[in-house]
Amino acid sequence: MATINDNYLKLKAGYLFPEIARRVTAFAEANPEAQIIKLGIGDVTEPLPDACRAAMIQAVEDMGDRATFKGYGPEQGYAWLREKIAAHDFQSRGCDVDAAEIFVSDGSKCDTGNILDIFGHNNTIAVTDPVYPVYVDTNVMAGHTGSASDQGEFEGLIYLPITADNHFTAQIPAQKADLIYLCFPNNPTGATATKAHLQEWVDYARENGSIIFFDAAYEAFITDPDLPHSIYEIEGARECAIEFRSFSKNAGFTGTRCAFTVVPRSLTAKAADGSEVDLWKLWNRRQSTKFNGVSYIVQKGAEAVYSEEGQAQTKALVNFYLENAKIIREKLTAAGIQVYGGVNAPYVWVQTPNQLSSWDFFDKLLHTCNVVGTPGSGFGAAGEGYFRISAFNSRDNVEEAMRRITENVSV
Ligand code: MLT
């Protein structure tokens with residue numbers, strides 16, 4: 001009989017968001033009259049920007065004419081999209097990133113998991129706690145960990161607690177980590193990192209020969225001009241960092257699917273024989289073997305993000321969700337609930353009132369307010385006692401959810 005990858009058996013029962021969806025479906029079936037408002041998974045609700053839709057409609061027309069029809073595109077993405085990304089997202093901020101270093105993909109979630117294909121199995125891996133669960137689960141699947149403890153911590157990983165005491169930014173570890181996952185603006189806490197903080201990480205990585213996986217999927221939500229949007233704003237980052245970006249949250253592409261990963265040509269890591277190998281080449285080899293690129297139509301939609309109207313429309317979308325985050329923060333704070341994040345990020349990190357556990361608070365909100373959020377403990381042991389509320393929803397739903405919570409939850 002065929003055998004399985006036993007590492008999958010180490011995983012917790014379900015991926016966090018499907019598990020939440022399962023509980024919500026069960027509640028909805030038992031209470032069909034409940035008007036449930038979902039502020040759990042960070043999925044956008046507002047329509048695609050007009051500029052992106054118009055570009056995609058035109059691209060569909062292109063596909064209908066032999067003269068402009070496209071078959072397989074370049075695995076790395078069309079040059080016209082990569083050039084716009086390089087110019088607008090990096091070079092305009094003084095980052096030395098070339099279009100050739102950008103790999104267009106169908107999502108940052110996939111890329112942050114797939115990147116492990118090009119790294120060895122003996123690396124020491126550091127993640128923050130709480131953390132976006134994909135970073136941990138993909139390492140478990142790849143066999144990079146032992147079993148999970150009762151608190152859900154996997155043996156073999158270095159967990160860096162991010163708490164209110166350290167402003168939800170991880171302290172540099174005393175031990176050596178080879179691969180480090182950082183996410184700013186942070187999912188789930190909504191915290192941001194200063195240039196000085198990222199410089200500490202870059203310096204650490206360069207001293208130790210480590211690679212930083214920098215997930216910047218939420219960079220568009222940064223409004224503070226002093227905060228960095230990219231790790232490449234930090235001196236030395238080209239020698240130690242891979243950055244992940246997405247069109248999901250700024251342009252509403254969660255269902256459309258387009259993202260990109262930056263692998264600088266200057267990045268190397270060691271082979272078993274001790275030689276230094278170019279990571280760009282390995283990632284290019286991986287992508288051209290396992291991936292056939294993002295559809296022409298979707299890349300045309302993504303390209304339109306960089307047009308003048310696309311820029312204005314995506315900015316308006318981001319501002320809309322940031323205003324939701326502000327409403328969430330202000331209403332909960334006025335009700336005496338301690339909140340963090342939600343200023344340069346679409347997530348508000350809530351301390352559960354009355355020392356309720358994260359899942360107890362989840363159940364309370366679902367049952368008494370018919371509002372869904374995400375239990376902090378689902379992001380890691382240090383998330384226990386916290387709860388994430390997403391600002392991705394309509395204004396009416398956000399206001400109604402806050403009304404229900406502030407009227408029904410006593411502190
Ligand atoms: C989240 O809610 O954490 C995100 O939506 C997950 C994702 O982007 O994959």
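Colleague: Why is Cys52 called buried?
Modeller: Buried means under 20% relative accessible area, and Cys52 has 0% relative accessibility, so Cys52 counts as buried. This is a predicted model, and the value is computed from it.

Colleague: How many disulfides does a search of the whole structure find?
Modeller: The search finds zero.

Colleague: How do you know that Cys52 is in no disulfide?
Modeller: The two sulfur atoms of a disulfide must lie within 2.5 Å. For Cys52 the nearest cysteine sulfur belongs to Cys258 and is 10 Å away. Set against the cut-off, 10 Å fails, so Cys52 is in no disulfide.

Colleague: What rules out a disulfide for Cys240?
Modeller: The same cut-off of 2.5 Å applies. The nearest cysteine sulfur to Cys240 is that of Cys95, 13 Å away, and therefore Cys240 is in no disulfide either.

Colleague: Is Cys240 buried or exposed, and why?
Modeller: Cys240 has 0% relative accessibility. That value is under 20%, so Cys240 is buried.

Colleague: Which residues are around the ligand?
Modeller: The list includes Phe17, Ile41, Tyr132, Asn187, Lys249 and Arg388. To be listed, a residue needs a heavy atom within 4 Å of the ligand. By class, the shell has five nonpolar, two polar and three charged residues.

Colleague: What makes the pairing of Asn187 with the ligand a polar contact?
Modeller: A polar contact needs a pair of N or O atoms within 3.5 Å. An N or O atom in the Asn187 side chain is 2.8 Å from a ligand oxygen, so the pair qualifies. For Lys249, a polar side-chain atom is 2.9 Å from an oxygen atom of the ligand. Arg388 has a side-chain N or O atom 2.6 Å from a ligand oxygen.

Colleague: How much of the accessible area of the ligand does the protein cover?
Modeller: On its own the ligand has 270 Å² of accessible area, and the protein covers 85% of that.

Colleague: Which domains does the assignment give?
Modeller: Domain 1 is 6-46 + 309-405, and domain 2 is 52-307. Their C-alpha centres lie 24 Å apart. The contact between them takes 36 residues from domain 1 and 46 residues from domain 2, where contact means heavy atoms within 4.5 Å.

Colleague: Why is the ligand said to lie between domain 1 and domain 2?
Modeller: Both domains give residues to the shell around the ligand, so the ligand lies between them.

How values were computed:
Residues are numbered from 1 along each chain as its sequence is written. This is a predicted model: local features need pLDDT of at least 70, side-chain atom pairs count only at pLDDT 80 or more; totals for chains, interfaces and linings use all residues. Side-chain values use heavy atoms; hydrogens and water are left out. Buried means under 20% relative accessible area, exposed over 50%, partly exposed in between (1.4 Å probe, protein chains only). A polar contact is a pair of N or O atoms within 3.5 Å; within protein, one must be able to donate a hydrogen and the other to accept it, and residues adjacent in sequence count only if both atoms are side-chain atoms. Accessible areas come from the Shrake-Rupley method with a 1.4 Å probe; for residues, only the protein chains shown count as cover. Ala, Val, Leu, Ile, Met, Phe, Trp, Tyr, Cys and Pro count as nonpolar, Asp, Glu, Lys and Arg as charged, and the others, Gly among them, as polar. Domain bounds come from an automatic or database domain assignment.
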